[in-house]
Each structure stands twice: as C-alpha cells, then as structure tokens.
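Please read the points below alongside the coordinates, as they concern charged side chains and the confidence of the model.

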Amino acid sequence: MDSTNFSSLTALLTSLQEGILTVTINRPDKMNALNRTVFEELEIVLDRIEADTQIKAVIITGAGAKAFVAGADISEFTALAPQEATQLARGGQLVFERIEKNAKPIIAAVNGFALGGGCELAMACHIRLAAESAKFGQPEVNLGLIPGYGGTQRLTQLVGKGKALELMMSGNMLSAQEALQWGLVNHVYTAEELLDKTKQLLATITSKGPGAVARVITAVNALYEKGADGYLEEVHLFGECFGTPEMKEGVTAFLEKRKPNF
Ligand code: COA
C-alpha cells in the first residue's frame with residue numbers, strides 16, 4: 001500500500017514504509033489548522049489503521065517547517081451557535097479518543113507550533129517527540145474560549161493540575177525544552193533528526209509483541225476512564241463560550257489581525 005490508496009484525501013498526506021504509516025496534516029499555509037476536512041480525513045485514515053494489517057504503527061506530523069498544528073481552524077468558529085460548538089467539540093474529542101485508544105502505537109512528531117487543538121492532538125497520541133523549534137500551548141483564552149478537544153483533561157493528566165492551569169489560564173507557550181521539563185514531551189531532537197528518531201522508537205516498539213503493546217495502551221488508559229465526565233463538562237463549557245460576547249470579540253480580533261478588547 002502507498003499513498004495512492006488514500007487518493008481521495010486533500011488535507012492529509014500519507015506514506016507507508018516498513019509498516020509505519022506517516023500521516024502529515026497538510027495545510028501549511030494555514031499552519032495545518034484542523035478544519036472539518038482534516039477531521040473527516042483523520043477518521044478515514046483511522047478506519048484504515050484499524051483494519052489494515054500492513055500498518056503496524058503510526059506517526060502524526062505537520063507539513064512545512066513552522067507548524068505541527070496551530071489549533072482548530074478559527075475561521076470555522078464565527079458562525080457557530082453554542083449547541084453546534086458543543087457538537088463540534090464532541091466530534092473532535094471522539095476522533096482524538098480513537099487515537100488515544102488505538103491498539104497500534106501512535107507517536108506525534110511535533111515539528112513546530114502545537115497550539116490549541118494541535119497540542120490536544122499531540123496529547124491524544126501515545127508518545128510525543130519534538131523538534132527543538134516546537135512550541136506548545138493552549139491559547140484558547142486569547143479568544144475567549146477554552147480547549148474543546150480534550151485539552152483540559154489530557155494536559156492535566158500529563159503535567160499535573162498546577163502546570164495545566166497555568167498553561168490554560170495564561171495562554172502562554174512552552175518551548176520544546178520547557179515541554180520536556182514539564183513531561184509534555186519525551187525527547188527533543190533537531191528538526192533534521194526528528195522523523196528518523198521517531199521511526200527508530202517505533203521500530204523498537206513494533207519489534208515487541210503487538211498484543212502486549214496494545215494491552216499496555218488499554219491498561220494505562222484505564223487509569224483515566226474515571227475522568228470521562230470531565231470530557232463532557234469540557235464540551236458543554238466550550239459550547240457555552242460561543243454564546244458570549246468575549247468569544248465573538250476574541251475570534252473576530254484574530255481574524256482581523258488585531259488585539260482583542262475584552
Ligand atoms: N485557525 C485558522 N487559521 C490559522 C490558525 C488557526 N488556528 N493559525 C494560523 N492560521 C492562519 C493565519 O490566519 C494566517 O492565514 P493568512 O495567511 O490567510 O492570513 C496563516 O495561518 C499564517 O499564520 P500567521 O498568524 O500569519 O503566522 P505567524 O507566524 O505570525 O503566527 C501563530 C503563527 C501560530 C503564532 C499564529 O498563527 C496563531 O496564534 N495562531 C492561532 C493559534 C490559536 O489560537 N490556536 C487555538 C485555536 S482554538
């Protein structure tokens with residue numbers, strides 16, 4: 001199988017080499033922002049990952065040198081009512097949950113900005129490796145918003161409550177080295193090394209018993225199942241933001257390339 005089997009995809013690139021499927025979010029002119037098409041195509045790719053025995057492991061990365069993924073596509077936010085925003089967030093959460101619960105190992109190779117939904121996508125992957133230039137953050141508060149694709153839950157699981165609150169309440173970004181210190185990423189490499197190192201780690205993992213690897217993933221995820229209500233609380237609050245003047249001002253200000261006036 002090669003990328004031609006995914007010929008209908010427009011926002012993702014795929015390539016299969018030695019059992020490792022590399023999935024590249026390919027909207028570099030929009031910092032690989034997650035629009036509806038990206039989510040639809042991620043679902044197509046996840047169907048294939050789950051069904052195709054040739055695929056042993058997966059890398060998710062971003063196209064271009066600047067961004068992994070700079071968040072949900074903010075231009076799709078302007079017309080959403082609270083109820084629709086809740087549904088959008090729940091849909092995104094369910095796609096990311098399929099990544100987190102996948103039986104095959106999935107590593108995020110974070111090659112640049114991983115902001116908002118991009119940080120959430122990376123956190124849904126089993127392991128995160130970063131280039132030195134990577135930057136991490138949950139800047140939704142800049143838009144009068146909160147994370148909606150699982151960020152409030154997974155960031156807290158990964159770095160602990162105090163650090164998670166700092167990142168989400170301030171909207172500040174972390175450098176790759178800071179993310180390493182915080183436990184958000186496992187290793188930092190040069191941009192040139194990143195994909196090779198990711199493939200090396202996956203080659204080690206896929207040399208083990210795949211059933212055992214899958215059960216490790218299931219067992220570790222079981223620790224967090226009790227947090228499931230937190231995800232529903234998150235999408236409810238995310239949807240609420242869409243009824244507020246501050247969210248309208250935040251999103252409009254971003255699209256008009258000016259500072260918001262909260
Ligand atoms: N949604 C939609 N478009 C986005 C985007 C997003 N999340 N992030 C970047 N883009 C677009 C920009 O609007 C711009 O489009 P244009 O060329 O048509 O004007 C293009 O991507 C390049 O981004 P730009 O802001 O010009 O690049 P930069 O290098 O100055 O800044 C970032 C890079 C990532 C710091 C900045 O784009 C940013 O802050 N993005 C939003 C991050 C965010 O808030 N994410 C959470 C969303 S809930």
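How many salt bridges does the count come to? For this predicted model, the count comes to nine salt bridges, and the points below take up several of them before turning to a surface patch and to confidence.

1. The pair D73 and R27 deserves attention, since their side chains meet in a salt bridge with an N to O distance of 2.9 Å. D73 sits in the loop between β4 (67-69) and α2 (82-100), whereas R27 sits in the loop between β2 (20-25) and α1 (36-51), so the pair ties together parts that are 46 residues apart in sequence.

2. Are the partners of that bridge buried or exposed? D73 counts as buried because its relative accessibility is 9%, which falls under the 20% cut-off for that class. R27 is also buried, with a relative accessible area of 15%.

3. A salt bridge between K101 and E97 brings their closest N and O atoms to 2.9 Å apart. With a relative accessible area of 39%, K101 is partly exposed, and E97, with 26%, is partly exposed as well.

4. R258 and E256 form a salt bridge in which the closest N and O atoms are 2.8 Å apart. R258 is partly exposed at a relative accessible area of 36%, and E256 counts as partly exposed at 49% relative accessibility.

5. Which residues are linked in a network of salt bridges? The network consists of D47, E50 and R98, and I would suggest reading these residues together when the charged side chains are inspected.

6. On the surface, a patch of negative charge gathers E132, E192, E193 and D196. Residues enter such a patch only with over 30% relative accessible area and no salt bridge; D196, for its part, counts as partly exposed because its relative accessibility is 49%. D196 is found in helix α7, which covers residues 194-206.

7. As to confidence, the chain averages a pLDDT of 95, and 98% of the residues score at least 70. Among the elements of the chain, strand β5 (residues 106-110) has the highest mean pLDDT, at 99, while helix α9 (residues 228-241) has the lowest, at 89.

Technical notes: Residues numbered from 1 in each chain as written. Predicted model: local features only at pLDDT ≥ 70, side-chain atom pairs only at ≥ 80, totals over all residues. Heavy atoms only, no water. Patch = residues over 30% accessible without salt bridge, like charges linked within 9 Å, V, L, I, M, F, W, Y side chains within 5 Å. Areas by Shrake-Rupley, 256 points an atom, 1.4 Å probe, with all protein chains shown as cover. Salt bridge = Lys/Arg side-chain N within 4 Å of Asp/Glu carboxyl O. Lys, Arg positive; Asp, Glu negative; His and termini not counted. Charge placed at Lys NZ, Arg CZ, Asp CG, Glu CD. Helix = DSSP H or I, 4+ residues; strand = E, 2+ residues; numbered from the N terminus. Buried < 20%, exposed > 50% of the residue type's maximum accessible area, 1.4 Å probe, protein only. pLDDT = per-residue confidence, 0-100.
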